[in-house]
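Let's take a walk through a protein model together. Keep the 3D view open and turn it as you read.

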Amino acid sequence: MHIPDSFIPLDQAIIYWVIALPFIIMSMRWARKELDEMKVPILAALAAGIFAIQAMNIPIGMGTSGHMVGAALVAIVFGSPWAGVLVLTLVLLVQGFAFADGGITTMGANILNMGVVSGFVGYYTYAVLRRSLSINIAAFGGAWFGLFISSIACAVQMWIAGTFPLVPGLMAMGTFHLIIGFIGEGLITSIAITAIAKSRPDLLEENSLEARKERVEMEAMA
């Protein structure tokens, strides 16, 4: 999933950077508005955890590898896909500059795939499923689908770049990430969100919003 520099021509890599930058800026604005002293350590802990789980790469052919992403998990905890974009941007910056994991010129594409696509698709899939399903199933579905779509986006980018053919790329990236999403991304996200909901429901943003809404209603009734 981490695209190296040589896999995308520089002109295309610049386009992906241009597309990614507004999302990065908006995620920073979200952070300035929403993060407080209690949320910052949680964000840092999630970023460290995501950094660790992304180190477990599974080679899937054609010079590519598969791994978990974690953007949906962060987005669900904080109740916003912008949180996923922010954390994945920070993680990818450290990985790219300090550990040469993923390219520098292609970092815009990586942020788009793992932060924007996975975060937004994962979070809003979760939000839709949450209307009628339990939190663990919704979290599983959101994380699983977000990872899958981000892998498809990566394969399409590789095809546009001429790195490998479209159908073999989709088969390799899509098939393996369907499996990784099921036994890794979806399952771990579901377990983590369920554990948080049971032990510290106040840490989930959706519970915080409901609590604030209830307080407002009670104050209005009083």
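We'll start with the whole chain and then stop at a few places along the way.

First, keep in mind that what you're looking at is a predicted model. So how far can you trust it? The average pLDDT of the protein chain is 87, and 88% of the residues score at least 70. One stretch to treat with care is residues 211-222, where the pLDDT is below 50. Beyond near neighbours in sequence, that stretch has 1 contact in the model. Where pLDDT is low, the predicted coordinates should not be read in detail.

Now for the overall layout. The protein chain has 8 helices and 2 strands. Follow the chain from the N terminus and you'll meet the elements in the order α-α-β-β-α-α-α-α-α-α. Of the 222 residues in the protein chain, 46% are buried. What about contacts across the sequence? Take the contacts in the protein chain with a separation of 6 or more: 75% of them involve residues 24 or more positions apart. As for the outside, the protein chain exposes about 10700 Å², and carbon and sulfur atoms supply 72% of that area.

Let's zoom in, beginning with two glycines. Gly70 sits in the loop between strand S2 (64-66) and helix H3 (71-78). Is Gly70 buried or exposed? Its relative accessibility is 4%, so Gly70 counts as buried, because anything under 20% falls in that class. Setting aside neighbours within four places in sequence, Gly70 is in contact with Ile50, Leu88 and Glu185. Look at Glu185 in particular: Gly70 and Glu185 are 115 residues apart along the chain, yet their C-alpha atoms are separated by 7.0 Å. Gly49 belongs to helix H2 (residues 39-53). The C-alpha atoms of Gly49 and Gly70 are separated by 8.7 Å, with their positions 21 residues apart along the chain. Gly49 has a relative accessible area of 34%, so it is partly exposed.

Next come two glutamines. Gln12 is part of helix H1 (residues 10-34). Gln12 has 17% relative accessibility, so it counts as buried. Which residues does Gln12 touch, not counting those up to four places away in sequence? They are Ile160 and Ala161. Gln157, meanwhile, is in helix H6. Gln157 counts as buried too, at 7% relative accessibility. Apart from neighbours within four places in sequence, Gln157 is in contact with Ile3, Tyr16, Ala109 and Asn113.

Time for some rings. How many aromatic pairs does the structure hold? There are 9. A pair of aromatic rings is described by the distance of the centres and the angle of the planes. Try that on Phe140 and Phe182: the ring centres are 5.4 Å apart and the planes are at 85°, so this pair is edge-to-face. Phe140 lies in helix H6 (residues 135-160) and Phe182 in helix H7 (residues 166-199), so the pair ties together parts that are 42 residues apart in sequence. Phe140 is partly exposed, with a relative accessible area of 22%. Ring pairs also build a cluster: they link Phe23, Trp82, Phe120, Tyr123, Tyr124 and Tyr126.

Let's turn to charges. A search of the whole structure finds 1 salt bridge. In this salt bridge the side chains of Arg200 and Asp202 meet, at 2.8 Å from N to O. Arg200 is partly exposed, with a relative accessible area of 39%. Asp202 counts as partly exposed as well, at 37% relative accessibility.

Our last stop is on the surface. Which residues form a nonpolar patch there? Look for Leu90, Leu93, Phe97 and Ile104, which together have about 350 Å² of accessible area. One of them, Leu93, is in helix H4 (residues 81-99). Leu93 has a relative accessible area of 32%, and that makes it partly exposed. Residues in a patch need over 30% relative accessible area, so Leu93 passes that cut-off with its 32%.

Terms used: Residues are numbered from 1 along each chain as its sequence is written. This is a predicted model: local features need pLDDT of at least 70, side-chain atom pairs count only at pLDDT 80 or more; totals for chains, interfaces and linings use all residues. Side-chain values use heavy atoms; hydrogens and water are left out. Patches are made of residues with over 30% relative accessible area and no salt bridge: like charges are joined within 9 Å, nonpolar side chains (Val, Leu, Ile, Met, Phe, Trp, Tyr) within 5 Å. Accessible areas come from the Shrake-Rupley method with a 1.4 Å probe; for residues, only the protein chains shown count as cover. A salt bridge is a side-chain nitrogen of Lys or Arg within 4 Å of a carboxyl oxygen of Asp or Glu. Helices (H or I, at least four residues) and strands (E, at least two) are DSSP runs, numbered from the N terminus. Buried means under 20% relative accessible area, exposed over 50%, partly exposed in between (1.4 Å probe, protein chains only). Contact means heavy atoms within 4.5 Å. Rings of Phe, Tyr and Trp (its six-membered ring) pair if their centres lie within 6.5 Å; planes under 30 degrees apart count as stacked, over 60 as edge-to-face and the rest as tilted. pLDDT is the predictor's confidence in each residue, from 0 to 100.
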